[in-house]
Amino acid sequence: MSATTAQIVGFIGTSHVPAIGKAIAQNLQQDAYWKPFFDGYPPVRSWLDKVAPDTIVMFYNDHGLKFFLDKMLTFAVGAAPQYLNTDEGWGIPSLGAFQGHPELSWHIIEQLVADEFDPVTCQEMNVDHAFSIPLALLYPGRMVYPIRVVPICINTVQHPLPTMKRCLALGRSVGRALAAWPEKSRVVVMGTGGLSHQLDGARAGFINREFDQQCLNTLIADPEALQHYSVHDLVSLARTQGVEILNWMAARGAMAGTARQVYRNYHIPISNTASAVQVLEPLRQ
Ligand code: DHB
Ligand code: FE
């Protein structure tokens, strides 16, 4: 990696609960329920100001806006000039449009296919709350965002889901693509969703602080150590929607080598979810 290629300046993992969009629309950031959550983001924004990315590669899951159960991808990469967020029925205003980076998207797709992944390639792609809410938290009040985006969508919704190992490898492949991108660029990789949560059924509302903390600690320097968790282990430990940690795993995989934690906030609960935000910076070896 050199200053003449894409440089990954950091990783952000964050929850993407739709109710956050409603709280933003109603200006509830100082409300007693919301404050401990929203207070987690100014430090992330200060860090973003410092590292000044021009591009965000976002690993997330679609919850039915773009892909429905009748046609379910395992991995999909957006290669559109722009991405729209439209109404999903949560009662939150649409956020965006988000400016794409089709040339970088195709470069990433080329690398993924060369590495024997088989992504769905999307030249048109609506992005749901798992994509828009994190950007609204990072760039509040913006109609135009100062970054271009590459959305990478992972199935965490309909089984069979990809494994932790596979998602880490997907991220590693994206990391190789970025290292070989022949233009100067400053990239933040993001994974959204989680941490432990279950939205319906008998175990709705279940949260596993201990497992979440263990994942956050391990992601910093040794994401490989999380590979042994099967999808069923994840459902058992983090519950049905806690499997969204697959997105964090892929994003962390994109940032090769060890890392240091710049910042973390963990707060229980936001809606049904153990909310977390974590910022990591790569350590050059
Ligand atoms: C909630 C969490 C999610 O990850 C999601 O996609 C939708 C809802 C929640 O806790 O309400
Ligand atoms: Fe979700």
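In this predicted model, His-63 has a relative accessibility of 32% and therefore counts as partly exposed, since that class lies between the limits of 20% and 50%. His-16, by contrast, counts as buried, because its relative accessibility is 4%. Both histidines serve as protein donors of the iron ion (ligand 2), each through its NE2 atom, and the set is completed by an OE atom of Glu-244. These donors lie 2.0 to 2.3 Å from the iron ion, and along the chain they follow the spacing H-x46-H-x180-E. His-16 is placed in the loop between strand 1 (6–14) and helix 1 (19–25), whereas His-63 belongs to the loop between strand 2 (55–60) and strand 3 (75–78), so the two histidines tie together parts of the chain that are 47 residues apart in sequence.

Two of the iron donors also appear in the description of ligand 1. This ligand is surrounded by 13 residues, and the closest of them are His-63, His-129, His-197, Ser-271 and Thr-273. Contacts to oxygen atoms of ligand 1 come from side chains as well as from the backbone: a polar side-chain atom of His-197 lies at 2.9 Å from such an oxygen, a polar side-chain atom of Glu-244 lies at 3.2 Å, and a backbone N or O atom of Asn-272 lies at 3.1 Å. Glu-244 thus contributes a donor atom to the iron ion (ligand 2) and also places a polar side-chain atom 3.2 Å from an oxygen atom of ligand 1.

His-63 and Glu-244 are again found together in the lining of the largest pocket, where they, along with Trp-90, Leu-199 and Gln-241, lie nearest the centre. The pocket holds about 400 Å³ of space, and its lining comprises 26 residues, which divide by class into seven nonpolar, 16 polar and three charged residues. Enclosed space was examined as well, and the structure holds one cavity of 30 Å³ or more. The largest cavity contains about 40 Å³ of space and is lined by Asn-85, Thr-86, Asp-87, Glu-88, Ile-92, Pro-93 and Ser-94. By class, this lining is made up of two nonpolar, three polar and two charged residues.

Several features of the backbone deserve separate description. The peptide bond leading from His-159 to Pro-160 is cis, with an omega angle near 10°, and Pro-160 is located in the loop between strand 7 (148–154) and helix 6 (164–179). A cis peptide bond also joins Gly-194 to Leu-195, here with omega of about -5°; Leu-195 lies in the loop that runs between strand 8 (185–192) and helix 7 (209–221).

Positive phi values occur in residues other than glycine. For Arg-239, phi is near 75°, and the residue is situated in the loop between helix 8 (231–238) and helix 9 (245–254). Arg-239 counts as buried because its relative accessibility is 12%, below the limit of 20%. For Ser-271, which is likewise not a glycine, phi is positive at about 55°. Ser-271 sits in the loop between strand 9 (259–270) and strand 10 (273–282) and, with a relative accessibility of 41%, counts as partly exposed. Ser-271 is also one of the closest residues to ligand 1.

Helix 9 is largely enclosed by the rest of the structure, because ten of its ten residues are buried. Among these buried residues are Ile-245, Leu-246, Asn-247, Trp-248 and Arg-252. Met-249, which is also placed in helix 9, has a relative accessibility of 1% and so counts as buried. The C-alpha atom of Met-249 is separated by 7.1 Å from that of Pro-223, although the two residues are 26 residues apart along the chain. In helix 7, Asp-212 is assigned to the buried class because its relative accessibility is 2%. Its C-alpha atom and that of Ala-276 are separated by 8.8 Å, while Asp-212 and Ala-276 are 64 residues apart along the chain.

How values were computed
Residues are numbered from 1 along each chain as its sequence is written. Chains are lettered from A and ligands numbered from 1 in the order in which they are written. This is a predicted model: local features need pLDDT of at least 70, side-chain atom pairs count only at pLDDT 80 or more; totals for chains, interfaces and linings use all residues. Side-chain values use heavy atoms; hydrogens and water are left out. Donors are N, O and S atoms within 2.8 Å of the metal (3.2 Å for Na, K and Ca); water is not among the atoms, so sites may look incomplete. Helices (H or I, at least four residues) and strands (E, at least two) are DSSP runs, numbered from the N terminus. Buried means under 20% relative accessible area, exposed over 50%, partly exposed in between (1.4 Å probe, protein chains only). On a 1 Å grid over the protein atoms alone, a cavity is a set of points where a 1.4 Å probe fits but cannot get out, and a pocket is an open set with protein on both sides within 12 Å along at least five of seven lines; lining residues have an atom within 4 Å of a point. Grid points are joined across faces, edges and corners, and a volume is the space filled by probe spheres set on the points. Ala, Val, Leu, Ile, Met, Phe, Trp, Tyr, Cys and Pro count as nonpolar, Asp, Glu, Lys and Arg as charged, and the others, Gly among them, as polar. A residue is near a molecule or strand if one of its heavy atoms lies within 4 Å of it. A polar contact is a pair of N or O atoms within 3.5 Å; within protein, one must be able to donate a hydrogen and the other to accept it, and residues adjacent in sequence count only if both atoms are side-chain atoms.
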